[in-house]
Amino acid sequence: MPPMKRVRVSKKAANSGKDDDGDAVSSAKVTAGGKRKAKGATKESSESADPPQYSRWLMKSEPESRFENGIDMKFGIEDLKALPDQTDCWDGVRNYQARNFMRMMKEGQLAFFYHSNCKEPGVAGVMKIVKEAYVDHTQFDKKDVHFDPSSKPDNPKWSMVDVQYQRMLKRFIPLSELKKYHLQHRSKGGPLKDMALFTRARLSVQPLTDEEFDFVLSLEDKEPL
DNA sequence: GCCAACGTTGGC
DNA sequence: GCCAACGTTGGC
């Protein structure tokens, strides 16, 4: 096997796909109808839709070794913390919804670093978005696990952001615990009742409402459920 | 390692 | 554009 040249293991992500652009929130609903807008432009009020404004995120990566084409996919929060500047690009996302969420991220926003596909899945720490979406170069690299032959340099499909380690949570918050809260909140109401981690389980990059984010953070100071 | 959930592909 | 087959994610 190729002696791993690189250092960056690709973080997570998902599959592959197609389409070229897809905006996540294309749900531009048509709201009020008919206003006859005179001349031309008969678009359905594309911009009037309420673009959900998220400012908190959850991003998944695998903290344990797993080989794909001879390449180790391991990239846990400790790996991010160990890098120069504790910063890295979140490459390798190959799912349109996840990509679209990354494109909505703004510099300075916070994201949970979630450990997936491992012994103990859950939220490990917090990171900050330090560079907004730009072209993911790994899509053009034939040697990369996430190479996408269908993506052309003059019209790249995939984006990534840069993230910087902020801190570990005071205690690791396991998925099993979040799930208990989720179920509880779903029946009696509470901040985690619609958390994407459970309603959109396979999404590797997902938005959190402020309430969800704050609630998860508040668990740091509580006893494990 | 199993497998459910779900996204993607491709025939028609 | 439907939908069955297929592939991937990721918990358990």
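**Figure 1. Arg-66 is partly exposed in this predicted model.** The relative accessible area of Arg-66 is 31%. Its salt-bridge partner is Glu-68, with the closest N and O atoms 3.2 Å apart. Glu-68 counts as partly exposed too, at 26% relative accessibility. Exposure over 50% would be needed to call a residue exposed, and under 20% to call it buried. Both values fall in between, so both residues are classed as partly exposed. A network of salt bridges links Arg-66 and Glu-68 with Glu-62.

**Figure 2. Asp-221 and Lys-170 meet in a salt bridge.** Their side chains come to 2.7 Å, N to O. Asp-221 lies in the segment after helix H5 (210-218), while Lys-170 belongs to strand E7 (residues 159-174). The pair therefore ties together parts that are 51 residues apart in sequence. Asp-221 and Lys-170 are both exposed.

**Figure 3. Lys-193 forms a salt bridge with Asp-194.** Here the closest N and O atoms are 3.3 Å apart. Lys-193 has a relative accessible area of 35%, which makes it partly exposed. In total, the structure holds 8 salt bridges.

**Figure 4. The largest nonpolar core has 21 residues.** Met-59 and Trp-90 have the most contacts inside this core. Several elements each supply at least two of its residues. The strands among them are E1 (56-61), E5 (110-115), E6 (122-135) and E7. Helix H1 (77-82) and helix H2 (96-104) contribute as well. In soluble globular proteins, nonpolar side chains tend to be buried together.

**Figure 5. Another core, of 19 residues, lies apart from the largest one.** Its members include Val-123, Val-126, Leu-169 and Leu-219.

**Figure 6. Chain A combines 5 helices and 8 strands.** From the N terminus on, the elements run β-β-β-α-β-α-β-β-β-α-α-β-α. The chain has 225 residues, and 41% of them are buried. Many contacts span long stretches of sequence: among those between residues at least 6 apart, 73% join residues at least 24 apart. The accessible surface comes to about 12100 Å². Carbon and sulfur atoms account for 52% of that surface.

Definitions and conventions
Residues numbered from 1 in each chain as written. Chains lettered and ligands numbered in written order. Predicted model: local features only at pLDDT ≥ 70, side-chain atom pairs only at ≥ 80, totals over all residues. Heavy atoms only, no water. Helix = DSSP H or I, 4+ residues; strand = E, 2+ residues; numbered from the N terminus. Buried < 20%, exposed > 50% of the residue type's maximum accessible area, 1.4 Å probe, protein only. Contact = heavy atoms within 4.5 Å. Areas by Shrake-Rupley, 256 points an atom, 1.4 Å probe, with all protein chains shown as cover. Salt bridge = Lys/Arg side-chain N within 4 Å of Asp/Glu carboxyl O. Core = buried A, V, L, I, M, F, W, Y, C linked by side-chain atoms within 4.5 Å.
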